[in-house]
Structure formats: C-alpha cells, structure tokens
Amino acid sequence: AKEGGDGKEGGDGGDKPGRSPAKKKKDPKEDKNEDGGDACGKYEPTIVPSVIPVPELDYHHTRAAIEDIRYRVDVGPGALPSVAFYTFTHAHKFLHCCVTASDASLVVGGFADSVVRVWDINKSTPGANRDVYCTDSDSKRRKAAREEGMTLAEWEEANKDKMDDAEMEDADGAATNVGENGEKLDANSRIARPVPCVEYVGHSAAVHGVDLSPGHDFLLSCSRDQTIRVWSTQLEIPLAAYKSHRFPVWDVKWCGTGHYFASASNDCTARVWAMDESQPRRVMVGHLADVDCVAWHPNTNYIATGSTDRTVRLWDVQTGDCVRIFTGHRGGVRSLAMSPDGKSMASGSDDGGVLVWDLATAKCSHAFEGHRGAVYSLDYSHGAGTVLASGGADETVKLWDVSQSALNAANGGEAGAVKAENKASAAARKPPMTSLRTKSTPVFNVQFTGRNLLMAMGARAPSVRYQAAA
C-alpha cells in the first residue's frame, strides 16, 4: 500500500515558465463571454503553439473532432450536462482503473489479474452499427435534417424514397440481432445482450492505469510489474513494452496529439516518453513520495503531477524543470485535470478536497468541499470549461461551477478575487451545483465526451447487508 509523505516542501511557485505567452489586457466583456457567464457570448479559445514537435492528426480524426465541436452542447450552471454511468458488476477490488473513448464508443478497464479488457459499445447496439452516434433510423433522420438546415417534417417530405431504402437496410441489420428465444432486438430493447470484449494479455501484475490515444488507434496501460505497454486497438496486438521505472507505475496519459505519453510511478518520478524510443525523453525528479497521477497541458509544453507528498508540480517538458509547486492539500493528490484554455488546473485529494489553481500565479482560485472520501477522477467540460466534474470513493458524481463569474461572486467581486492570498483557505469553499449518487458504486472515472456528455463508471461494491452476512 502507498504511504503518504510529510509534505513539508512548499514554495511560491518557483520560476515562471520560460515559454509562456505574453499577457494582453482583456476587455471585461471578453472575460464575461470567455467564462461562459453570458449565454449569448462566444467562447474564444487561447491558442498557444507547442514547442515540442508533435504529429498532426490524420484526416478522419480531424474531421471527427470538428464534428464534435459542431454538435457540442454548451453546458454551464444554467444547463447542466447529461450523465451516463457504466457499472462493472462482480468487479469490486478487481477493477483498478477504467476510461472511455472521446466518442463513448469504447470502454477500457485495467484489472487485478493483469489483463486489459476493451468493450466496443457500438457492436452491442442493433441496427448494423453504421454510425457511431446514430444507431437507429429516427436518430439518423434527425441528424440528416439538422445537417441540411431543415425541420424533420420537411426533410422526410423531401426524402421519401431514401427513407424507405434506409428502413429496409435497418431491418436487415436488426434481423441479425435476436434474443435467446429468437425474438428480434432493436436499439430500444430492454433485453440484456452481451457486449463484445477483447482481452489484452501481456502484463505480469495488476494494471493500474489505462488511456486511449486521441484517434483511439492505440491503447496505453501501466502495471505493478514496472512496465508500460502500447497496444493496437485495430490489430488487437501488443506493439511495445517500455521499461525504465524501478517500482510500480500508477498512472499513464497520452498527450493531446498522441505519440508522446507521460507516466507516474512509485519511484517518486514522472517520465515523458515517445512511441519511437525505448527510453524516456525526460525524467522529472522532485517529489518526496509516490507520484500518483499525471496530466498534460493542452499545449503539450507542460505536464502536471500529483503526489502522496500532498503537492502538485508543473514541469516544463522541453527542459524537464519544475516551474510551479502548488501546496494546500491536506491529503495525497489522487487526480488532476487541466482546463481547456490551459489557464487553470484542478486537483483532488484523499481527504475529499477539490482545489482549482491559477497556473499563472500558482494560487488557489476555487476550493470545493463535498466529497467524503478520496477524489478518484476530475474532468472539465469542453468549450469554455465552466463545469468541473468529480467522482470519488463516496459513490457520488459532483458538478462544480468554475466560471470566472462564480469566482468573483465568492470572493466579493473582482477586487476581492485579485487580493486573494496564496492559500487554499483564502478561497471560498463552495458546495457543488448538483450531486448524483450511485447504487453502492465508487466512481473511478468521470470524463466528458467531445460533445459534452459526461461519462462516469465504477465497480459496484457489495451491499452492507451482504458484507455482514459474509
């Protein structure tokens, strides 16, 4: 078991990043639109080029990302996201980590038996599964009408012949999906059916971290056996094993464009790797205890690490230097998330606290209380990033308001926000916008899809009555 450190090391954030963009004065109206406070305002992303040579996504993956932006739902305090929850049954203390694809088409789990399992959700849906998002004829018609700028009735009137052909094709595809008694199953069927699963065998100990590449072509896994492995999801075979850590590897993450990935280990280090090199490109040394989690900055120039020593550190990928140290947690840091604009970062700890940090000043801007156990996962909504989701050991999913308007209101206006001290206690501790409780299921992962559907998952724990009987 991992033990916590004293967490005595602190600081005011160290030197500033050498390649941070020049700051510009902003108009208050632009700030209002940027933080999502005005429902009619447009979000303008901050674009900072990466100093690290990164590959470009291919045409199909780029097109899928553009489609996600086109159909993305704007979420905020007045429009909370929809949440879908996956429950792993009979996997209590057996499932260690899980993640879903950016389009929710794949679910990946790392297990104690050293096996990585991948479920293809699309293959479990009747209707020939020709489209990732629209698997039934009604959804396909609505999507086609939206793309042509017509109402559903207008589109159906103009495409009667196409509708008849499509319904025949759907009927042919659905005919192959039958239940145990021979009955046909459609997309809305309530009859349970198996989900195809692919097992990736190669590790020799429990798997503690998994992650999918941006295009879902590659799968990363890290294990207690001190190795990191890359798998091909298309060929369903292992591609490479990376050995450099001398102790168990707890977490691994792809960068936003693929090719590079970062790992966090029990040896108190984080390492940055490239797929074409067997040894790490950078080794980040400085934590006093286990490095439990790692996250990439959106511009890929920095990575953040959270440790059992109760600190969060920001590292320059190009030089390997620590450029920020964030102190304020009262327990080991278990989860990290970067905001879409790259200006802030959220961290969750074993004591149930969630802190949001300003990367420019290394100060705590938001402090949230509500979880009654370790916070296992965090994620920002896409777009303006005004909603932060968290999941933890207390079997709940919580949504927090991290907009600039909420910060100003909590600190007594803009003047109060500017005068806030560099302490977590100075930030107003606020309750969540909403809290969603599961049925005896600790939440291992929360993740927004490209269209701002919140996916959450975990392994269901035995009930108290069952445990007492056992």
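Thr396 stands opposite Arg437, a residue of strand 26, and this pair offers a convenient way into the model, which is a predicted one. The two strands concerned are strand 24, covering residues 396–401, and strand 26, and they pair in the antiparallel sense over four bridges. Both belong to an open sheet of four strands, in which the order is 22-23-24-26 and the pairing is antiparallel. Strand 22, at residues 375–380, and strand 26, at residues 434–437, stand at the edges of this sheet, and because each has a single partner strand, one side of each is left without a neighbour in the sheet. Going from one strand to the next in this sheet, the twist averages 20°.

A further open sheet of four strands can be followed earlier in the numbering, with the order 14-15-16-17 and, once again, antiparallel pairing. Here the edges are taken by strand 14, at residues 291–296, and strand 17, at residues 322–327; each of them has a single partner strand, so one side of each is left without a neighbour in the sheet. The twist in this sheet averages 20° from one strand to the next.

Starting from the edge at strand 14, the reader finds that this strand pairs with strand 15, made of residues 302–307, in the antiparallel sense and over five bridges. Within that pairing, Ala295 has Ala304 of strand 15 as its bridge partner. At the other edge, strand 17 is paired with strand 16, which runs over residues 311–316, and this antiparallel pairing comprises five bridges. One position to look for there is Arg313, whose bridge partner in strand 17 is Ile325. Strand 16 and strand 17 also form a hairpin, with five residues between them, and in the turn Gly320 has a positive phi of about 80°. When inspecting strands such as these, it helps to keep in mind that in a regular strand the side chains alternate between the two faces of the sheet.

The last stop is at the surface, where Leu235, Ile237 and Leu239 form a nonpolar patch that has about 270 Å² of accessible area together. Of these residues, Ile237 can be placed in strand 9, which comprises residues 237–243. Ile237 has a relative accessible area of 36%, and because partly exposed residues are those between the limits of 20% for buried and 50% for exposed, Ile237 counts as partly exposed. The same value also fits its place in the patch, since patches are made of residues with over 30% relative accessible area and no salt bridge.

How values were computed:
Residues numbered from 1 in each chain as written. Predicted model: local features only at pLDDT ≥ 70, side-chain atom pairs only at ≥ 80, totals over all residues. Heavy atoms only, no water. Pairing = 2+ DSSP bridges. Axes fitted to C-alpha atoms, helices over the stretch in contact; angles between N-to-C directions. Patch = residues over 30% accessible without salt bridge, like charges linked within 9 Å, V, L, I, M, F, W, Y side chains within 5 Å. Areas by Shrake-Rupley, 256 points an atom, 1.4 Å probe, with all protein chains shown as cover. Salt bridge = Lys/Arg side-chain N within 4 Å of Asp/Glu carboxyl O. Buried < 20%, exposed > 50% of the residue type's maximum accessible area, 1.4 Å probe, protein only.
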